[in-house]
Amino acid sequence: MRSALSVILSSPVPDNKMSHPDYEQTAHDHATILILLKPLGAQIKQKTVTRICERIIKCGSRFSVIDSSNNTREILTRFIKDHPVENNDWGDFQTHRRLLGLITFGKYENQIELNELCRLHETLKVKYVQTLYDSRAILFGPIPSENLNEPPPSFTTPHNFKTVGIFYADDLCPNLEIQMSQCFNSLFWILESKRLERSREKIDKVALLQAPFEKKDFIGLDLESRNNRERCVGRATKHLGDLCLQAGLPGDALNNYNSAIGTLQSVNDWLWLGSAYEGLCAVSALILYPNMCRNVPLQRNSSLQEGSPGKQRRGSQPTTTLCAPPTIETIKMNMPNILLPEDICKKYREAIVHYTKYQNAGIIETEASFKATRISIEQNCTLQAASFLSNVLFNNMTMNEQEKIDRFTTLSDLYTSFGYLRKASFCLRHAALRHVSQYNPNLDWQQCYNLLLQATSGFKLSLDPVEMSFDNRKGWPSIQIQLINELVAAANRMGHPALATRHLTFLLQTMYNYLTPTERKDAALQLQAVSQQSEGSPVPLVLDSGRVIPPANLTNIPRTKSFALKNLQPHLQPQKIERVKEDHGPFLFTPINFGSLERKTTAKGKVDYLWVDGDICEVSMQLVNPLPFELHVSNMRLLTSGVVFEPIPESITLPAESGTIAVTLAGTPREVGELEILGFSTHTLGVKSNCRLRHIESMPHPLYTVEIVPALPRINVETSLPRTASFSSGENIVTSASISLYGGESAECTITITNISQVPIEMIEISVQSTLDSLTESKVFKWSNENLLTQLPLQPQSSACITLYMYAAMEFVASQRHDITNAYQSQSNSLISHSGPSSLPSRLSTSSHHTKRYSELTSSFRSGTSSNSSNSLSSTRLSKLAVPIHASNIVEGQLKIKFSGSAGLASGYCRISSVFITIEMLRSVQFTNWDVLPAETPTQFYLVLDVINMTNHEMELHYTQNKCIYMEGRESCRIPIPVDRCPFNKLSTIDGAGNNEDLQKICSEHIASLADLKWQLVGTETTGKATLSGLALTQDMLDLVRMSPLQWEVTINDVVFKAQDEITCNLGECINVGVGVSNALESPLRNLILSINLYQDHHNGVNNYRLDTRVSIAGANKVILPTLQESGRAYHECRVVFLTAGQYKIDIQCSSRESILDSLTFCSELGNSGHTWRYIPPIEIKVEDC
Amino acid sequence: MAVCIAVIGKDNSPKYIKCTDEANALQFHYKIHTSIDIVEEKLNIGNKTAADVRELFLGMLYSTEEYKIFGYATNTKIKFIIVLQSSNATLRDNEVRMMFRKLHIAYANAVSDPFYIPGDQIQSKIFNSAVMDIMGLLVDEKKILK
């Protein structure tokens, strides 16, 4: 669009350029009469002026006049508030630039003031004398005048006041409209007369009309040349066209312009040709778009701003005189010269091209561009409008900064009006920067800030961080960052640090991801500096203009890596008290999921644990300091909604560029219900921020919901025992206790429960949990529930005690399984009558070398093959007790204290605290081997035990009522314990299906119940009791342990023999030995062999059965009893004659050759021997010489 | 030659911008940003008039004394902007079209990357080198790539 010839034709020095551009002009203004509205003096109120102006504009902006030929003329006026007199200079070029009318307002109280007002009015008239046609002065005085146009009585106007005054006493101003229309009419008629005068001028006599800067271009030119004459005629015709247009004769104006164009084109008078084109366009636009003209041009800053042309939207604005624009066809018929709509802009373009050839016409060109733009907007040709506007930008005029600002704001307004928001913002931002450019003598940071703020929308920069979140942010980050930085600078310079703080915070919040690390650091440091003047806080800021700047929060500094609610510590977690389930009928499950939708929504961010009213609850966070300097974050609190919550402020210092640092935020809920955790607040870099989770990137939940249950008591638990150094983990454990007990020892532990909460404890339940089986468990731990219950309720700060009895239940019998196999092995090779396992002495000797106490000892007791199996032994024990082998025997148990009270109990919650109890069970005594021996009486037997003192102390072992033995540490010894034989009634529980194990069990239990071994470590109080449970008994042992199924009745010489009876007889005497056997069992015995054998006991372990030469027996000493019925009796007699003197013993025994008793079938491996029952003790006979 | 090439997303946010003169990058950001207004306008007009296959090349958006700015919009409303130096008068319309076509192909290849999430910034090296090639900056490097 720009001409390559630009500037060539203009003078280089623009001395009289039009310095006051009027960017608000529209094409319609070409047809208007220009009137200045001016308040005079300081007395008059702004409000009055505004009201009067409104009335004048309303009545005067468009009025009709009947002209001399009875045609109605539509006259337009334009009211302005200020008119630089220089603009009149261009009045010849375009007549609508001339000021034709003047209306002043003034208020006076006395004559002097009236005089002053009159003087001022006259001064103004003089100022515009060259163009002014008529003027009015509206004067408000203290008293009304009778005639409006006369001053009130006692006031006079000065003699040089030649103006029609309008005198009012108040601002109601009756008849103002009539007065004004008189004025307008007079203006019209003067204009009309001027027009007529011009039109009657001789065409060849017209003077040359000139634009202001042209004056010296024509110096020295031949004014009489034909070319120049043409020029004069062309310019005059164009001028006449202007006047016609103003006088309401668009048709004439069109003709004049057209002829002027023809003339001027021929003489290459481009400037005026341009103006002729512009005039043509103006007429056409006026006719085609009659509703486009401005309505209220003066009210730029009033509430009527919407109506001002700058804000015009696409399409014509609604006016009171709105009428449908006539169709082009009808107009074309009336006015054949009118331009078609598409031609208007073309001609404007041409006009602008012509203007560009003159540098001094820059303002004219710019104004023309704006006018063309407005028409393009009216025509909905936005691209065209944009091209006109971009032309304005290229116009390199030397302007002062204010003019540039005006140009940019006008551009911005126009761009906005057709929706080019980006370009509008671009221009606004430029305008803003002009306010503070270095060439601007009066810097105005406030204006700059305001314009920048207006520019934000075009850059899609919303100052609300919510709209700028990562997901829905728009726009160009780099540009937005620059704009925010400029906003910060402007806010700073205009002395509003709160705004600067806010914008910087916003920058760091929303643009964080787009800033380089250096920029982040700079912004953070700047923020720190600014916030020292005005601390940032998350409240909206309201500007003077009423604009609200929403709060911004530093969600990225420090950066939150994770945010997780913490469950209470295990022992403080509320547990539901289990209730007996109500009967819901047979239908436990329904496939119909009623609340399914509801459940899904609540599951979001809902934690599955509970917090307790009144207890401190925690949230753990991981923070990262992304900045390269130390960051101090203070006053961190949780943000919550829902129930009342008391957060506890937290402060933290994050080192520069730290890794993740864990922070725990805590607080106390004060109500029961749902608590929502929304985020947290911080105070860092001088800014208070509310960091809500939903505004923080990559947070899984926008909020967390946690249920608060009613207050529950808390307890402190102490034990009288020392704590355990370490224990395997377990829940709820609050304290621990450890104790070492020797096997069989008992101990007490006092557990003190103190209520450390504010609510009473109304319920306590104690239970023990351990890896032991329940039977052993109940032996090891004992306590009294009743005692505890009497101490309830437990008021705050009071304590309750409970005594826990612990007993070291232990296996005192070593490696029973080995003994069985061992015993079996040995028995198969040895004689029955051996009083004890032959290997014992050697074992005892090896045991003394051992220094280790525990299992190694027991395993090494076994020589040879047995040591192989010790591993399997220990592993079996391990699995039973679940303790490590080296620890010998450590029992771990948890004493669970379940307690509750007050509201928490009512709603069915309790807490569980556990005491971890470790009992180290040391070996006290151990029975390594045992055997049974017949006792002196048939109702008893001797249990012979090999006992080892496993302790390092001297031990006193009481093994019967009045017998005791002292043992050195680690010493072993053998003790006999008389035990009653197992009566049949105990065995009677074994019926037909009974087997060996049952028999074993019953017998060993029988022994355990009777044998009572008490030990005491000498010199200490430590005492204990060893039990013999678990003894393994062989078949032979069992025969001894059990009462014999045969009852013996022995008669010597027909006298019933009693035990301990001494029988003496003489050599050669015949003794009658009668043996009666009766079956005490409830089943018959078969194939019994009753034998009577005599032998001599040498008392050195050798029994001599070969007595052929010494004894002669008459009768069978062996009889076979095929069956012995239950409770049946058999009797056998024989006679014995002793041939030599001496001590003799009679061994009476009854043996079964095969399995005698179906019900007692066992020990198939011993089948060859079967059962043997002896008469115990053997009968002793002393044979004396005669 | 082209001094700046930009890819603008459906929502008018920048997806890729490359300038020869990184120091003045912001200036080009402004130029391209404001030219979106005109692109939008042209697209609007296009919608109104032609239902058939639209011309993707939008022609010159505007020109300044230094630069000419050309636009191109794909059917999915992805916009390509090329800023040319005004002084380069030899460049004809057809050549500009060719540049856009190349750019379009490079873009199509870049978004075919299965790991590219539509709407993200384009960070493809190959796309970058294609752009550099159009801008006449990357003759050697292209050879190396091949």
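In the predicted model, A:Asn380 occupies the loop of chain A that runs between helix H9 (362-378) and helix H10 (382-394). The phi angle of A:Asn380 is near 65 degrees, a positive value in a residue other than glycine. With a relative accessible area of 49%, A:Asn380 is partly exposed, because it falls between the limits of 20% and 50%. Helix H10 of chain A, which follows this loop, contains 13 residues and extends 19 Å from its first C-alpha to its last, close to the 18 Å expected at 1.5 Å a residue. Several positions in H10(A) are buried, among them A:Ala385, A:Ala386, A:Phe388, A:Leu389 and A:Val392. The polar residues A:Thr382, A:Ser390 and A:Asn391 of H10(A) are also buried.

Two further helices of chain A were examined. Helix H6 (residues 270-288) has 19 residues and spans 26 Å between its first and last C-alpha atoms, close to the 27 Å expected at 1.5 Å a residue. H6(A) is mostly covered, with 18 of its 19 residues buried. Helix H3 (residues 176-199) of chain A includes A:Gln179. The relative accessibility of A:Gln179 is 8%, so this residue counts as buried. When residues up to four places away in sequence are set aside, A:Gln179 touches A:Arg136, A:Leu148, A:Asn149, A:Ile166 and A:Tyr168.

The nonpolar interior was considered next. The largest nonpolar core holds 125 residues, of which A:Tyr449, A:Phe563, A:Leu565 and A:Trp611 touch the most other members. At least three residues of this core come from each of domain 2 (460-552) and domain 3 (559-574 + 600-709) of chain A. A second core, separate from the largest one, comprises 77 residues, including A:Ile761, A:Leu788, A:Trp1015 and A:Met1037.

A cis peptide bond is present between A:Ile557 and A:Pro558, with omega at about -10 degrees. A:Pro558 belongs to the loop of chain A between strand S8 (548-549) and strand S9 (559-565). Helix H16 (residues 517-531) of chain A contains A:Asp522. This residue has a relative accessible area of 44% and is therefore partly exposed. A:Asp522 and A:Leu627 are separated by 105 residues in sequence, whereas their C-alpha atoms are 9.6 Å apart in space.

The contact between the two chains was then described. The size of an interface is often given as the accessible area lost when the parts come together. Between chain A and chain B, the buried area is about 2000 Å², and carbon and sulfur atoms give 64% of it. On the chain A side, A:Arg422, A:Lys423 and A:Trp476 lose the most area to chain B, together accounting for 40% of what that side buries. The contact involves 20 residues from chain A and 22 residues from chain B. One salt bridge is counted between the two chains. This salt bridge joins the side chains of A:Arg422 and B:Asp37, with an N to O distance of 3.1 Å. A:Arg422 thus appears both in the salt bridge and among the residues of chain A that lose the most area to chain B.

In chain B, B:Lys77 lies in the loop between strand S4 (67-73) and strand S5 (79-85). Phi of B:Lys77 is near 65 degrees, again a positive value in a residue other than glycine. B:Lys77 counts as partly exposed because its relative accessibility is 35%.

Notes. Residues numbered from 1 in each chain as written. Chains lettered and ligands numbered in written order. Predicted model: local features only at pLDDT ≥ 70, side-chain atom pairs only at ≥ 80, totals over all residues. Heavy atoms only, no water. Core = buried A, V, L, I, M, F, W, Y, C linked by side-chain atoms within 4.5 Å. Buried < 20%, exposed > 50% of the residue type's maximum accessible area, 1.4 Å probe, protein only. Domains from an automatic or database assignment. Helix = DSSP H or I, 4+ residues; strand = E, 2+ residues; numbered from the N terminus. Expected span 1.5 Å × (residues − 1). Contact = heavy atoms within 4.5 Å. Buried area = accessible area lost by both parts, 1.4 Å probe. Salt bridge = Lys/Arg side-chain N within 4 Å of Asp/Glu carboxyl O.
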